[in-house]
Amino acid sequence: MGQKQVQRNSSFRFQINNFSEKESAIKSQTFMSHGCEWYLYVYPKGDSRSDVHLPIYLFIANPKSLGSECTFQFVLLNQSNKELYRSPIGQGLFCAKSTGYGFAQTLPHRKLREKVFLEKDRLTVEVYISRVEVVSEKKKTVDINGFQVLASQVSYFSEKRRKIFTEHPDFAEDFKPKNQVVKKEYMNVLLNLVETLNKPSQNHSETDLSNAHSNLSELMEQGFKLEWLKSKLDEVSLMRKKADADVQQLDERVKKLELMNLDLKTKLEEVSLERKKSNDADRSRVQQLEECFKNLEMVVLDLKVKLGKEEAKSSADGFLLVDEFSLRSPSIRYTVETIENCVSLHEEGH
């Protein structure tokens with residue numbers, strides 16, 4: 001399938017041809033080293049731990065009952081045997097519960113896609129196994145960088161925890177306590193602190209960060225070299241402060257919007273009340289105008305009747321005293337007053 005495996009000394013050389021065409025995980029053939037059988041797994045398209053890098057893992061094919069403690073390292077080469085990547089030194093207890101260890105983030109995919117980087121589309125993976133120690137019934141504990149860990153509890157050290165030892169191999173060189181119980185307790189404090197800082201910043205309470213600062217100070221006083229962790233804690237604390245500031249700013253904006261909403265609601269109620277009053281006044285004026293016009297129609301009708309009588313009488317007498325009739329007739333005066341009232345109401349409505 002375009003893959004060649006050649007064993008050389010205590011390391012294993014795994015060549016993968018047409019690497020860019022590979023989709024699924026690639027398993028090497030089994031090889032012998034330090035009395036144990038091993039094999040590699042390479043994930044060209046990434047795995048659940050990393051989808052932007054090339055994950056590589058070393059597996060033991062025949063785990064012992066209590067496991068085999070092993071130190072290993074990966075080296076990636078191109079067609080010309082030029083070194084492309086060298087992993088940190090890995091360490092783990094290979095047993096029935098934890099058969100494989102490795103690194104989820106080696107070379108980034110974007111780098112591997114470059115033709116000039118990967119000659120002839122061929123990748124070579126070398127693994128160097130420098131030490132293998134089978135855990136015996138008498139031992140029952142494994143020494144991990146000077147810290148005794150029960151063999152049955154090694155699986156507790158997840159990849160993130162083991163990453164401390166591979167990325168910062170000298171962090172415990174100056175650690176002062178020698179008692180294994182004390183060392184174990186301090187190690188638990190360190191691991192819990194690392195886990196706390198790996199959480200999203202919004203999940204850190206002020207109490208969490210305060211305790212983290214206290215624990216970090218105590219660990220550094222005991223000799224741990226944790227400048228890298230201090231930088232992480234400072235970064236997390238800064239992100240928390242920024243998040244708190246953003247929340248406070250948002251809270252202030254919400255309060256301002258609530259006040260604006262209340263003010264608008266009050267003004268709307270005032271406008272509605274004024275409009276209601278204006279509408280009531282308009283309806284009242286309309287009613288008065290209607291009454292005026294009704295009265296005016298009745299007066300006009302009455303005048304027509306009286307005018308007809310006067311005309312008939314004048315025709316009989318031969319003359320009509322219009323001025324005297326106009327001035328003295330109460331119907332005409334009432335008509336004039338009614339018209340004036342209607343005009344006044346009409347002008348008020350406009």
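I take a disulfide to be a pair of cysteine sulfur atoms within 2.5 Å. I note at the outset that this is a predicted model.

**Entry 1: cysteines.** I searched for disulfides under that rule, and the count came to 0. I then looked up Cys-36, which takes part in no disulfide; the nearest cysteine sulfur belongs to Cys-70 and lies 8.2 Å away. Because a sulfur pair must be within 2.5 Å to qualify, I recorded no bond for Cys-36. I also checked accessibility. Cys-36 has a relative accessible area of 1%, so I list Cys-36 as buried. Cys-95 is likewise entered as buried, at 8% relative accessibility.

**Entry 2: the second largest pocket.** I looked up the volume of the second largest pocket and noted about 250 Å³ of space. Which classes of residue make up its lining? I found 6 charged, 4 nonpolar and 2 polar residues. The lining includes Phe-19, Ser-20 and Lys-22, the pair Pro-44 and Lys-45, and a further group with His-109, Leu-112, Arg-113, Glu-114 and Lys-115 among them. Leu-118 and Asp-121 are also lining residues.

**Entry 3: His-109.** I followed one lining residue of this pocket, His-109, and placed His-109 in helix α1, which spans residues 109-112. Is His-109 buried or exposed? I entered His-109 as buried, because its relative accessible area is 10%, under the 20% cut-off. Leaving aside residues up to four places away in sequence, I listed the contacts of His-109 as Pro-44, Lys-45, Gly-46, Asp-51, Val-52, His-53 and Leu-54. Of these contacts, I note that Pro-44 and Lys-45 also line the second largest pocket.

Definitions and conventions: Residues are numbered from 1 along each chain as its sequence is written. This is a predicted model: local features need pLDDT of at least 70, side-chain atom pairs count only at pLDDT 80 or more; totals for chains, interfaces and linings use all residues. Side-chain values use heavy atoms; hydrogens and water are left out. On a 1 Å grid over the protein atoms alone, a cavity is a set of points where a 1.4 Å probe fits but cannot get out, and a pocket is an open set with protein on both sides within 12 Å along at least five of seven lines; lining residues have an atom within 4 Å of a point. Grid points are joined across faces, edges and corners, and a volume is the space filled by probe spheres set on the points. Ala, Val, Leu, Ile, Met, Phe, Trp, Tyr, Cys and Pro count as nonpolar, Asp, Glu, Lys and Arg as charged, and the others, Gly among them, as polar. Helices (H or I, at least four residues) and strands (E, at least two) are DSSP runs, numbered from the N terminus. Buried means under 20% relative accessible area, exposed over 50%, partly exposed in between (1.4 Å probe, protein chains only). Contact means heavy atoms within 4.5 Å.
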